[in-house]
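Please open the model in your viewer and keep the selection panel at hand. The tour below goes from one selection to the next.

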Protein chains: 2
Amino acid sequence: MGQYQIVLGTQMTTAMFASGNRVLDALPPVDLAAIEQDLEIVTLAAHQFTHSMGGPIAYVDFPIDAVLSVVAMLLNGDSVEVGTVGCEGFVETDVALDSLVSSRTAFCQVRGRVGRMSIENFDRRMDQSRPFARLMRHNVRASLFSTQQFVACNTKHSVLQRCARWLAMTADRVGSSQFTLTHDFLSIMLGVRRAGVSEAADTLHRLGAIEYRRGVVTVLDAALLGGAACECYEACKSAFRSSLA
Amino acid sequence: MGQYQIVLGTQMTTAMFASGNRVLDALPPVDLAAIEQDLEIVTLAAHQFTHSMGGPIAYVDFPIDAVLSVVAMLLNGDSVEVGTVGCEGFVETDVALDSLVSSRTAFCQVRGRVGRMSIENFDRRMDQSRPFARLMRHNVRASLFSTQQFVACNTKHSVLQRCARWLAMTADRVGSSQFTLTHDFLSIMLGVRRAGVSEAADTLHRLGAIEYRRGVVTVLDAALLGGAACECYEACKSAFRSSLA
DNA sequence: ACGAAGGTGTACGAAACCGTACTTATCGGC
DNA sequence: GCCGATAAGTACGGTTTCGTACACCTTCGT
């Protein structure tokens, strides 16, 4: 956001806008430029809720450097993360599926900025711009793919692999090797014990992949971390990559 | 399919068509009638593949009394079911998200009929009929919700609960208390051992909920079965119910 | 009738993970 | 500098599920 650069077009010289969200930035320049005025930049604090299950959807958030978690809450109070969204996606996907009600709860996992668009503007863009609608739906597809991968991942892969996957994904999304996250929160997201995450984090630390200090993770070696993660890391990554093509 | 009944309309008397698939049958009568000619009724054998991951999507299947499974395949050869589709849905959801390529593999789990529509006709309907497009997208939403629920379910619920959930869901979909399914296949779908399913089936049998004989399940008491299932059974059921409204 | 193939019952040690609890370390506020 | 609060390290018995193996039973083809 706020990045402007002079681009030489074939017809004219124009100031090009970049939102910082990769989905929006994949729009044709003319669509992207039009969208600038629809976006309000909001800085979200960690653990701040953005969407509540069953509630009306007033806006869509396109993360810039924030990371949001979409969770399923079980009757016994347990929550499990069913989707993670950073600059490669948006929340809530329901709006791209002709729904005005949020089917899941979402909150900010790693503090940062989002580009917020009112549901009215979003719907208008969906109706009026084919490229916009296509891009949003392609992103929903990647998001669905990702959630499907999580079904298999949570079923078959170890706590260590899943921790590594989560950290690797998140590092990619925040665009930084350092971000805030407690073992406790990660354990809730993965649906495992806090102690289990501590053990996994220790293992990853001894591998030299990460460093952990009181709620702050630092990725020391992204390749090592990716290597410790299960295949789901790469699978989801490439799904989102191809959704922008 | 094949059910015709005389209905007195306000304007004229008309023969009403029913496909047997609840999504299609939720269309306004005029749209539904138009779709009749687009559907080819195909009977699928158990374990017959309908869509392959990475392959082009040539058609969309709207199950009538067949049940299809959408699976994620892991690199080590394991498969885990990420979606189950019966008369309340369709395969592949990707087509409703502007994609021509299947992102997952799907096959027939319980033999039966599907209404098959070519991708060309599907796309045309999506473009030309608002109600059709809305209904399909609402169904994708329910399908996404369901997959999200599976993430939590596979993470937190016991093999017994998940077996009960699967059997209860499937009985609803085939519209019969009896269908074919081996322990082996169910174990693959749930991502657990075959022996684990056998134990769970035995427990459910002793509860009086089901009967199992060499690849054929009979639901003796649907309420008991539903009671043994986790909350995910009802959650998914109501998600699909409301998607047709 | 007989054997092969497929489906199910059952067993058992091993591993992963759970629930919990207690300790230790670090940070912010006073 | 101290204290309360939050975060992380660690331990341990208990449970679930795993991996595997083997026996038995039904079905089907010959």
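What follows is a walk through the chains, their contact, their sheets and the surroundings of the DNA strands.

**Before selecting anything**

The model is predicted, and for that reason local features are reported only where pLDDT is at least 70 and side-chain atom pairs count only at pLDDT 80 or more, while totals for chains, interfaces and linings use all residues. Residues are numbered from 1 along each chain as its sequence is written, and chains are lettered from A and ligands numbered from 1 in the order in which they are written.

Colour chain A by pLDDT, the predictor's confidence in each residue on a scale from 0 to 100. The mean for chain A is 92, with 94% of its residues reaching 70 or more. Residues 1–13 of chain A have a pLDDT below 50, and this stretch has 16 contacts in the model beyond near neighbours in sequence; a contact here is a pair of residues whose C-beta atoms, placed from the backbone, lie within 7 Å.

**Chains A and B together**

Select both chains and superpose chain A on chain B, using least squares on the C-alpha atoms of residues with pLDDT of at least 70 in both copies. The operation is a rotation of 180 degrees with 0.0 Å of shift along its axis, and the RMSD is 0.0 Å. The two copies are thus related as by a two-fold rotation axis. To find that axis from chain A, select V151(A), whose C-alpha comes closest to it of the residues of chain A, at 2.2 Å.

Next, show the contact between the chains, which takes 30 residues from chain A and 30 residues from chain B. On the side of chain A that touches chain B, the elements giving two or more residues are β7 (79–85) and α4 (130–156) of chain A; helices (H or I, at least four residues) and strands (E, at least two) are DSSP runs, numbered from the N terminus. The largest share of this side comes from α4(A), with 16 residues. By class, the side of chain A that touches chain B has twelve nonpolar, nine polar and nine charged residues, where Ala, Val, Leu, Ile, Met, Phe, Trp, Tyr, Cys and Pro count as nonpolar, Asp, Glu, Lys and Arg as charged, and the others, Gly among them, as polar. Because 100% of the interface residues of chain A are also interface residues in chain B, the copies meet through the same surface.

**The open sheet of chain A**

Now select β4, β8, β6 and β7 of chain A, which form an open, antiparallel sheet in that order; two strands are taken to pair if DSSP finds at least two bridges between them. β4 (49–51) and β7 of chain A stand at the edges with a single partner strand each, so one side of each is left without a neighbour in the sheet. The twist averages 40 degrees from one strand to the next.

Within this sheet, β6 (67–73) of chain A pairs with β7(A) over six bridges, and A72(A) stands opposite V80(A) in β7(A). Add helix α5 (159–174) of chain A, which packs on the sheet and touches β6, β7 and β8 (105–110) of chain A, its direction making about 140 degrees with that of β6(A). Axes are lines fitted to C-alpha atoms, for helices over the stretch in contact, and angles run from 0 to 180 degrees between N-to-C directions.

**Strand β9 of chain A**

Select β9 (112–118) of chain A together with β3 (39–44) of chain A, an antiparallel pair joined by six bridges. L44(A) stands opposite G112(A) in this pairing. Then add β5 (59–63) of chain A, which runs antiparallel to β9(A) and is joined to it by five bridges, with D61(A) opposite R116(A).

**Around the DNA strands**

Which residues come closest to DNA strand D? Among the 18 that surround it, the closest are T182(A), H183(A), A195(A), S158(B) and A195(B), a residue being near if its C-beta atom, placed from the backbone, lies within 6 Å. α7(A) gives the most to this surface, with five residues, and the residues of the surface divide into six nonpolar, six polar and six charged.

Move to DNA strand C, where 19 residues lie around the strand and S158(A), A195(A), T182(B), H183(B) and A195(B) come nearest. Here α7(B) gives the most, with five residues, and the surface near DNA strand C divides into six nonpolar, six polar and seven charged residues.

Definitions and conventions. Two residues are in contact if their C-beta atoms, placed from the backbone, lie within 7 Å.
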